[in-house]
Amino acid sequence: MSGGSLGALTLTGSVKALALELGFDLVAVGPATPPEHGAALRRWVEAGHAGTMGYLERRLEERLEPERVLPGARAAVCVALNYYQGEPGDPSWRPVARYAWGRDYHDVIGPRLERLAAHLTEAAGARSRGYVDTGPVLERDLAARAGLGWIGKNTMLLHPALGSWFFIGVLLTTAELVSDAPLADRCGSCRACLDACPTGAFLAPYVLDSRRCISYLTIEHRGDIEPDLHRDMSGWQFGCDICRTCARGTGRPRRRAIPSSSPGRHIPERRRSRAWTTPRSARCSATPRCFEPSLRRSAAMP
Ligand code: B12
Ligand code: SF4
Ligand code: SF4
């Protein structure tokens, strides 16, 4: 941690302790200033790499400046929730990326961020806003600067103990907190994840063309998928974990055994029956945006 008054140090210590108590695996604090790689984000959007994810462009200026999201924001409390679970007991889960095996992570992380916000209000009268893939916040960039992990060439945020198998939550706050130091890059000359991508989605290190990414194609994309890409999609039906398996410096990922990330049974059953209609699956998994046509199309792929 660098600098800071005694009050800020105490407050930082207390919010971090509460984050761990709430079940987050990691917590780190960084500044809420414009993200370090904002220019890369702008170039990426302008080049069309976001495909049809128009929300990334619509709220670009907010992504580039946290102050626009929360006026007076001074710090970003960044948390990680491990979702690694090894191999699925039921093999019909294999074509579903691990992040979608459990309860909807927004529902798990969001309320915990609210608890952190309430603590900062009570202790320091601060205003805070929590994000977990839910707003115009460049989460990996802010979290990397806070020291929650380093950004790998596959664009994932990685941590030496967890690999890239974790969700990120970001709480922007007006509270004065003490920042942590960023972690050192561990990729070096490795490029295993880039070479492993079956659809050639990486145009260069740190540059992913969503339009070729299986995760985008099976979750975000609406409409048909080019036959050439179909062939390369290695059977994935919802998301993709191929570039997630990074061994360098990350040790063996720890298994998570909390209810929030235990696979339910309804999703594979529904996939088999090709009748993914009920909103219940949306409530119980990380698949809220996974509506019927996408799933039908995935299930029908050769
Ligand atoms: C849009 C989006 C996607 C898109 C685009 C992904 C992408 N790489 O851009 C698609 C649908 C493909 C996708 C897929 C996945 N996603 Co997603 N996604 C997002 C979302 C909503 C925005 C990301 C974004 O702004 N992308 C734009 C690009 C330009 O930004 P970026 O990926 O962060 O890239 C940065 C670096 O490359 C960096 N950079 C550029 N040049 C350089 C150079 C150097 C030297 C360095 C260090 C950095 C650097 O600058 C860029 C801008 O900050 C975030 C949530 C959020 N609000 O932040 C979740 C998020 C990134 N996704 C997440 C997850 C879990 C996934 C999947 C693993 C799901 C799956 N299993 O299928 C895959 C992973 C694919 C991958 N390799 O990224 C997690 C990532 C957690 C983590 N540990 O990193 C997030 C943070 C959600 C969350 N709250 O947990 N996702
Ligand atoms: S596989 Fe290699 S290049 Fe990719 S994130 Fe891991 S260390 Fe970095
Ligand atoms: S998630 Fe899969 S398709 Fe997307 S970049 Fe990684 S390996 Fe390639």
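Which residues are around ligand 3? In this predicted model, the residues around ligand 3 are Cys197, Thr199, Ala201, Leu208, Cys213, Ile214, Ser215, Cys240, Ile242 and Cys243. By class, 8 of the residues in the shell around ligand 3 are nonpolar and 2 are polar, and none is charged.

Ligand 2 is surrounded by 12 residues, and the closest are Gly152, Cys187, Cys190, Cys193 and Cys246. The shell around ligand 2 contains 6 nonpolar, 2 polar and 4 charged residues.

Around ligand 1 there are 37 residues, of which the closest are His37, Ala97, Glu139, Ser215 and Gly239. Two or more residues of this shell come from each of the elements α2 (38-46), α7, β6 and α9 (214-220). The largest contribution is that of α9, which gives 4 residues to the shell around ligand 1. By class, the shell around ligand 1 divides into 24 nonpolar, 7 polar and 6 charged residues. Ser215 is among the closest residues to ligand 1, and Ser215 is also listed among the residues around ligand 3.

The model further contains an open sheet of 4 strands, in the order β1-β2-β6-β3 and with antiparallel pairing. At its edges lie β1 (26-31) and β3 (128-131), each of which pairs on one side only. On average, neighbouring strands of this sheet are turned by 20 degrees against each other, direction ignored. In general, strands of a sheet pair through backbone hydrogen bonds, in either a parallel or an antiparallel sense. For β3 and β6 (residues 166-173), the pairing is antiparallel and extends over 4 bridges. Tyr131 stands opposite Val170 in β6.

Two helices are associated with these strands. Helix α6 (residues 105-124) packs on the sheet and touches β2 (75-82), β3 and β6, and its direction makes about 30 degrees with that of β6. Helix α7 (residues 139-146) lies across β1, β2, β3 and β6, and runs at about 80 degrees to β6.

The largest nonpolar core has 71 residues, and the members that touch the most other members are Val77, Cys78, Leu81 and Val170. In soluble globular proteins, nonpolar side chains tend to be buried together. Residues up to four places away in sequence aside, Val170 touches Ala76, Cys78, Tyr131, Val137, Glu139, Leu142 and Ala143. One of these contacts, Glu139, is also among the closest residues to ligand 1.

Note on methods
Residues numbered from 1 in each chain as written. Chains lettered and ligands numbered in written order. Predicted model: local features only at pLDDT ≥ 70, side-chain atom pairs only at ≥ 80, totals over all residues. Pairing = 2+ DSSP bridges. Axes fitted to C-alpha atoms, helices over the stretch in contact; angles between N-to-C directions. Contact = placed C-beta atoms within 7 Å. Near = placed C-beta within 6 Å. Nonpolar A, V, L, I, M, F, W, Y, C, P; charged D, E, K, R; others polar. Core = buried A, V, L, I, M, F, W, Y, C linked by C-beta atoms within 7 Å. Buried ≥ 20, exposed ≤ 12 C-beta atoms within 10 Å, placed from the backbone.
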